[in-house]
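Got your viewer open? Load the model and follow along, one selection at a time.

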Amino acid sequence: MSTGLAWLMLLVGGLFEVGFTTCLRFVDGFRNIPWTLGFLASVTLSMGLLEYASRTIPMGTAYAVWGGIGAAGTVLVGIWWFGEPVNSARILLLIALIGCIVGLRLTAQ
């Protein structure tokens with residue numbers, strides 16, 4: 001697989017991580033079947049794409065980037081859709097996290 005395709009799959013996997021964390025908010029002890037199915041589909045796709053990307057990208061880098069995309073995306077979803085607090089410290093830390101993700105991508109072999 002080409003390196004570019006591996007990074008694209010990793011990005012998409014990270015976005016599905018945001019999907020499964022968002023679904024997790026609504027599963028209600030896994031009693032809410034539609035949200036539970038969304039969670040299971042998202043987590044399966046997310047992990048599968050991480051595994052696929054890690055065939056080309058070093059696992060430590062792939063996992064850190066995947067987790068960072070998921071963490072940053074989940075924070076943004078929380079702010080935009082769930083009214084979670086926004087303050088300068090959270091924004092600066094989010095920018096730092098995104099900077100670390102970009103830095104790992106730029107320094108990957």
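How much area does the chain expose, and what share of it do carbon and sulfur atoms supply? This is a predicted model, and with the whole chain selected, the exposed area comes to about 6,400 Å², with carbon and sulfur atoms supplying 72% of it.

Stay with the whole chain and switch to cartoon. You'll see four helices and zero strands, so to speak a plain α-α-α-α pattern when read along the sequence. Show the C-alpha atoms alone and line the view up with the principal axes: they fill a box of roughly 40 × 35 × 15 Å. Now colour by burial: of the 109 residues, 33% are buried. If you prefer a contact map, look at contacts with a separation of 6 or more; 67% of them join residues 24 or more positions apart.

Next, select residues 3-24, helix α1, together with residues 59-82, helix α3. Their axes sit 8 Å apart and the helices pack at an angle of about 45 degrees, which means that α1 is oblique to α3. Turn the pair until you look through one helix at the other: α1 passes α3 in a right-handed crossing.

Now bring up side chains where the two helices meet. On the α1 side, pick residues including W7, L10, L11, L15, V18 and F20. On the α3 side, the partners include V65, W66, I69, V77 and F82. Glycines take part as well, among them G13 and G14 in α1 and G67, G70 and G73 in α3. Colour this contact by class and you get 12 nonpolar, nine polar and one charged residues.

Note on methods. Residues numbered from 1 in each chain as written. Predicted model: local features only at pLDDT ≥ 70, side-chain atom pairs only at ≥ 80, totals over all residues. Heavy atoms only, no water. Axes fitted to C-alpha atoms, helices over the stretch in contact; angles between N-to-C directions. Parallel < 35°, antiparallel > 145°, perpendicular 65-115°, else oblique. Left-handed = near helix turned anticlockwise from the far one by under 90°. Contact = heavy atoms within 4.5 Å. Nonpolar A, V, L, I, M, F, W, Y, C, P; charged D, E, K, R; others polar. Buried < 20%, exposed > 50% of the residue type's maximum accessible area, 1.4 Å probe, protein only. Areas by Shrake-Rupley, 256 points an atom, 1.4 Å probe, with all protein chains shown as cover.
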